[in-house]
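Below are some comments on the model you sent. They concern one metal site and the enclosed space in the protein.

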Amino acid sequence: MLDFFYPRNCIQCGAVSPEPLRHICWDCLSDTPRVEPPFCDICGDPVAGDIQHDYTCFACARETPSFDRARSAVRYEGAAGQAIRALKYNHSIWVVPDLTELLLACVRAEYSNIEFDWVTSVPLFPTRRRERGFNQSALLGAGLARRLKVPFREGILRRVRPTVSQTGLTASQRAANVGGAFRVGLFARPAGRRILLVDDVMTTGATVDACARVLKKSGAVSVHVITVARG
Ligand SMILES: [Zn+2]
Ligand SMILES: [Zn+2]
């Protein structure tokens with residue numbers, strides 16, 4: 001019965017998974033391209049070429065983001081990309097442990113010297129959350145927080161305005177789409193907190209930047225972003 005709800009096969013190749021709660025097999029996991037250096041020191045966007053020194057990308061040099069840093073575990077392709085799409089559009093919540101492991105490994109590699117007071121996630125607009133039945137980023141954030149032994153605070157951010165999908169928009173359209181879309185929750189009190197902000201996919205970073213902006217305005221000491229995938 002459990003296998004009916006939690007299929008035992010790899011989401012990409014269909015191979016039987018050796019571990020009950022894992023749905024990306026080792027082969028497909030190792031085939032999924034990681035986000036590896038060199039990348040922008042601030043937003044973590046990978047750059048082609050052989051760069052040895054600290055590097056800041058053009059977008060971050062032009063306008064410093066509100067978040068302190070952003071990092072992503074893998075590229076938005078392969079088995080991890082398929083797992084994220086299955087989670088968002090097909091209610092496949094059994095992939096959450098696999099994606100949480102990717103987040104955890106990335107936090108340990110990139111943010112090992114940083115202490116966090118709270119983990120939170122990018123919120124959905126309430127009607128979207130009701131349609132989907134859950135917020136995929138909150139599931140990932142809660143899973144990661146448990147592994148890090150840091151409190152998960154879902155309600156500190158609210159999406160106060162519905163936004164259209166960022167897919168297919170240019171960078172400036174994306175920024176305009178999410179501008180003013182987020183507020184800090186009424187009783188959140190992020191002042192003095194070091195916050196780890198979780199999302200599933202980061203593309204231009206406009207969404208997480210808008211979230212970080214309101215958290216910083218409310219006094220958050222730092223906002224570090226972690227996403228499973230980089231679009
Ligand atoms: Zn596989
Ligand atoms: Zn950058």
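Notes on the zinc site and the cavity

1. Cys 60 has a relative accessibility of 5% and therefore counts as buried, the limit being under 20%. Please keep in mind that this is a predicted model.

2. Cys 60 is one of the donors to the zinc ion (ligand 2): its SG atom coordinates the metal together with the SG atoms of Cys 40, Cys 43 and Cys 57, at 2.3 Å. The angles among the four donor atoms run from 105 to 113°, and the site is tetrahedral.

3. Along the sequence, the donor residues of the zinc ion (ligand 2) follow the spacing C-x2-C-x13-C-x2-C. Cys 60 belongs to helix α3 (58-62), while Cys 40 sits in the loop between α2 (26-31) and α3, so this pair ties together parts 20 residues apart in sequence.

4. Is Cys 40 buried or exposed? With a relative accessible area of 0%, Cys 40 is buried.

5. Turning to enclosed space, a probe the size of a water molecule, rolled over the atoms, shows where empty space remains. For this model the count is one cavity of 30 Å³ or more. The volume of the largest cavity is about 50 Å³.

6. Which residues line the largest cavity? The lining consists of Ser 17, Pro 18, Glu 19, Arg 22, Ile 24, Cys 25, Trp 26 and Leu 29. Sorted by class, the lining of the largest cavity has five nonpolar residues, two charged and one polar. The charged ones are Glu 19 and Arg 22, and the polar one is Ser 17.

Terms used. Residues numbered from 1 in each chain as written. Chains lettered and ligands numbered in written order. Predicted model: local features only at pLDDT ≥ 70, side-chain atom pairs only at ≥ 80, totals over all residues. Heavy atoms only, no water. 1 Å grid on protein atoms, 1.4 Å probe; cavity = no way out; pocket = protein on both sides within 12 Å on 5 of 7 lines; lining within 4 Å. Points joined across faces, edges and corners; volume = space filled by probe spheres on them. Donors = N, O, S within 2.8 Å, 3.2 Å for Na, K, Ca; no water. Tetrahedral: all angles 85-135°; square planar, octahedral: opposite > 155°, others 65-115°. Helix = DSSP H or I, 4+ residues; strand = E, 2+ residues; numbered from the N terminus. Buried < 20%, exposed > 50% of the residue type's maximum accessible area, 1.4 Å probe, protein only.
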